[in-house]
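Here is a short set of questions and answers for a computational chemist, to be read alongside the sequence and the coordinates.

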Amino acid sequence: MHYQGESYRAMSDNGSDPMERLAKLASESAVVIFSVSSCCMCHAVKRLFCGMGVNPAVYELDQDPRGKEMERALMRLHGNSQAVPVVFIGGKLIGSMDRVMASHINGTLVPLLKEAGALWL
């Protein structure tokens, strides 16, 4: 799991639209997780991916100066009152923990990860 330090500067660009920043960040790595460091569901989804051998890019919104703005954009994007965790695989919105777990259980998560280049085996 790697935390995106450099991209926080990009996220703090005053002229950027939050949705544009989300799209840009979501497409920069095979697996991207938008998280809040104190969220237990965020921790669980990060552990799931790490346990599978995936190294997701993690953006901790509570550690970003414009994180609240990003959270509101994520809520609008996936139509949920709970902003995090939100997972993107191959630049595509997968959703929150329930969608990730449903994909894992029904067997569609691993093929998605392979297609995105996050898993090789």
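Contact here means heavy atoms within 4.5 Å, and the model to which this is applied is a predicted one.

Q: Among contacts in the protein between residues at least 6 apart in sequence, what share joins residues at least 24 apart?
A: The contacts considered are those between residues at least 6 apart in sequence. Of these, the part that joins residues at least 24 apart comes to 68%.

Q: In what order do the elements of the protein run from the N terminus on?
A: The protein has six helices and five strands. Read from the N terminus on, these elements follow the order β-α-α-β-α-β-α-β-β-α-α.

Q: How far apart are the end C-alpha atoms of helix 3, and what span should its 12 residues have?
A: Helix 3 covers residues 40–51, and the expected span is 1.5 Å times one less than the number of residues. For 12 residues this gives 16 Å, which agrees with the distance between the end C-alpha atoms, 16 Å.

Q: Which residues of helix 3 are buried, and what arc do they cover around the axis?
A: The buried residues of helix 3 are Cys42, Val45, Lys46, Leu48 and Phe49. Their placement on the same side of helix 3 follows because they cover an arc of only 155°.

Q: Which exposed residues does the face of helix 3 turned away from its buried side carry?
A: Cys40, with a relative accessible area of 61%, is exposed, whereas Cys42, at 0% relative accessibility, counts as buried. The face turned away from the buried side of helix 3 carries the exposed residues Cys40 and Gly51.

Q: Why is the sulfur of Cys40 not in a bond with the closest cysteine sulfur, and how many disulfides does a search of the whole structure find?
A: A disulfide is a covalent bond between the sulfur atoms of two cysteines. The closest cysteine sulfur to that of Cys40 belongs to Cys39 and is 5.6 Å away, which is too far for a bond, given that a disulfide requires a pair of sulfur atoms within 2.5 Å. Over the whole structure, the number of disulfides found by the search is zero.

Q: Is Ser103 buried or exposed?
A: Ser103 lies in helix 5, which covers residues 97–106. Not counting residues up to four places away in sequence, Ser103 touches Thr108 and Leu109. Because its relative accessibility is 12%, and the cut-off is under 20%, Ser103 counts as buried.

Technical notes:
Residues are numbered from 1 along each chain as its sequence is written. This is a predicted model: local features need pLDDT of at least 70, side-chain atom pairs count only at pLDDT 80 or more; totals for chains, interfaces and linings use all residues. Side-chain values use heavy atoms; hydrogens and water are left out. Helices (H or I, at least four residues) and strands (E, at least two) are DSSP runs, numbered from the N terminus. Buried means under 20% relative accessible area, exposed over 50%, partly exposed in between (1.4 Å probe, protein chains only). The arc is that of the directions from the helix axis to the C-beta atoms.
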